[in-house]
Amino acid sequence: QVQLVESGGGTVQAGGSLRLACVASGTAGAIITMAWYRQPPGNERDLVASITSTGSTNYADSVKGRFTISRDKAENTVDLQMNSLKPEDAAVYYCKMTNFFRGGIYNYWGQGTQVTVAS
C-alpha cells in the first residue's frame with residue numbers, strides 16, 4: 001500500500017523559511033514525478049513545484065526564486081525548501097506522487113501539512 005507522509009509545516013514570520021519533507025513508502029514500479037501542491041482556505045489545490053525522475057523541475061510563477069524542490073530517488077523522498085515566505089503562501093501543502101506500474105499511471109496524495117505565515 002502506497003503511503004505519502006509529509007512533515008515540516010508550521011508557523012513562521014513573513015520573510016522566514018520552512019522546509020517540507022515527504023516520504024513515500026510501499027511504492028512499486030517507477031516514480032514518474034513527485035510534486036508539491038497547496039490549497040489555501042476556500043481555494044483550489046494548485047501546483048507549487050514538481051520534479052521528474054530525470055530531475056527536471058517546474059515551479060509556479062508565484063514561488064520562482066523563493067522555493068526549491070529536491071528529490072532523493074534512493075530514499076523516495078521529496079523536499080520543498082521555502083524561503084522569503086509571504087502571507088499568501090499560507091496553505092495546506094500536499095505531496096503528490098505519480099507512479100507507473102504494470103501499464104498504468106497512478107496518482108497518490110499525502111494527508112497535507114499546514115503552513116502558516118504571520119505578517
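# Exercises on an all-strand chain

Ala 24 has a relative accessibility of 5% and counts as buried. That is a handy place to start exploring this predicted model.

## Exercise 1: Around Ala 24

**Task.** Work out where Ala 24 sits and which residues it touches, leaving aside neighbours within four places in sequence.

**Solution.**
- Step 1: Find the element. Ala 24 belongs to strand 3, which covers residues 18–25.
- Step 2: Check the burial. The cut-off for buried is under 20% relative accessible area, and Ala 24 comes in at 5%.
- Step 3: List the contacts. With neighbours up to four places away set aside, Ala 24 is in contact with Gln 3, Leu 4, Met 34, Asn 76 and Met 97.
- Step 4: Try a distance. From C-alpha to C-alpha, Ala 24 and Ala 60 are 23 Å apart, with their positions 36 residues apart in sequence.

## Exercise 2: The whole chain

**Task.** Describe the make-up of the protein chain, then decide how its radius of gyration compares with the globule rule.

**Solution.**
- Step 1: Count the elements. There are 11 strands and 0 helices, and reading along the sequence gives β-β-β-β-β-β-β-β-β-β-β.
- Step 2: Compare with the rule. For 119 residues the globule rule gives 14 Å, and the radius of gyration is close to that at 14 Å, so the chain is as compact as a globular protein of that length.
- Step 3: Add the dimensions. The C-alpha trace spans about 50 × 25 × 25 Å along its principal axes.
- Step 4: Look at inside and outside. Buried residues make up 42% of the 119. The accessible surface is about 6200 Å², and 47% of that belongs to carbon and sulfur atoms.
- Step 5: Look at contact range. Take the contacts with a separation of 6 or more: 55% of them link residues 24 or more positions apart.

## Exercise 3: A four-strand sheet

**Task.** Put the strands of the open sheet in order and explain why strand 1 and strand 7 each have one side without a neighbour.

**Solution.**
- Step 1: Write the order. The 4 strands run 1-3-8-7, with antiparallel pairing.
- Step 2: Find the edges. Strand 1 (3–7) and strand 7 (67–72) each have a single partner strand, so one side of each is left without a neighbour in the sheet.
- Step 3: Note the twist. Ignoring direction, neighbouring strands here are turned by 15° against each other on average.
- Step 4: Recall what holds such pairs together. Strands of a sheet pair through backbone hydrogen bonds.

## Exercise 4: The hairpin of strands 7 and 8

**Task.** Trace the pairing of strand 7 with strand 8, and say which side chains of strand 7 are buried.

**Solution.**
- Step 1: Look at the pairing. Strand 7 is joined to strand 8 (residues 77–82) by 6 bridges, and the two run antiparallel. One landmark is Thr 68, which stands opposite Gln 81.
- Step 2: Sort the side chains. Phe 67, Ile 69 and Arg 71 point to one face and are buried. Thr 68, Ser 70 and Asp 72 point to the other face and are not buried.
- Step 3: Visit the turn. The two strands form a hairpin with 4 residues between them. In that turn, Asn 76 has a phi near 55°, a positive value in a residue other than glycine. With a relative accessible area of 17%, Asn 76 is buried.

## Exercise 5: Two loops that meet

**Task.** Place Gly 16 and Ser 84, and decide whether each is buried or partly exposed.

**Solution.**
- Step 1: Place Gly 16. You'll find it in the loop between strand 2 (10–13) and strand 3, and at 18% relative accessibility it counts as buried.
- Step 2: Place Ser 84. This one is in the loop between strand 8 and strand 9. At 40%, Ser 84 counts as partly exposed, and its phi is positive too, near 50°.
- Step 3: Connect them. Not counting residues up to four places away, Gly 16 touches Met 82, Asn 83, Ser 84 and Leu 85. The C-alpha atoms of Gly 16 and Met 82 are separated by 8.3 Å, although their positions lie 66 residues apart along the chain.

## Exercise 6: The disulfide

**Task.** Identify the disulfide partners and work out the handedness of the bond.

**Solution.**
- Step 1: Find the pair. The sulfur atoms of Cys 22 and Cys 95 are 2.1 Å apart, inside the 2.5 Å cut-off. The total count is 1 disulfide.
- Step 2: Read the torsion. About the S-S bond it is about -80°, so the disulfide is left-handed.
- Step 3: See what is joined. Cys 22 lies in strand 3 and Cys 95 in strand 9 (residues 91–101), so the pair ties together parts 73 residues apart in sequence.
- Step 4: Check the burial. Cys 22 and Cys 95 are both buried.

Note on methods: Residues are numbered from 1 along each chain as its sequence is written. This is a predicted model: local features need pLDDT of at least 70, side-chain atom pairs count only at pLDDT 80 or more; totals for chains, interfaces and linings use all residues. Side-chain values use heavy atoms; hydrogens and water are left out. Two strands pair if DSSP finds at least two bridges between them. Axes are lines fitted to C-alpha atoms, for helices over the stretch in contact, and angles run from 0 to 180 degrees between N-to-C directions. Buried means under 20% relative accessible area, exposed over 50%, partly exposed in between (1.4 Å probe, protein chains only). The radius of gyration is taken over C-alpha atoms; the globule rule is 2.2 Å times the number of residues to the power 0.38. Contact means heavy atoms within 4.5 Å. Accessible areas come from the Shrake-Rupley method with a 1.4 Å probe; for residues, only the protein chains shown count as cover.
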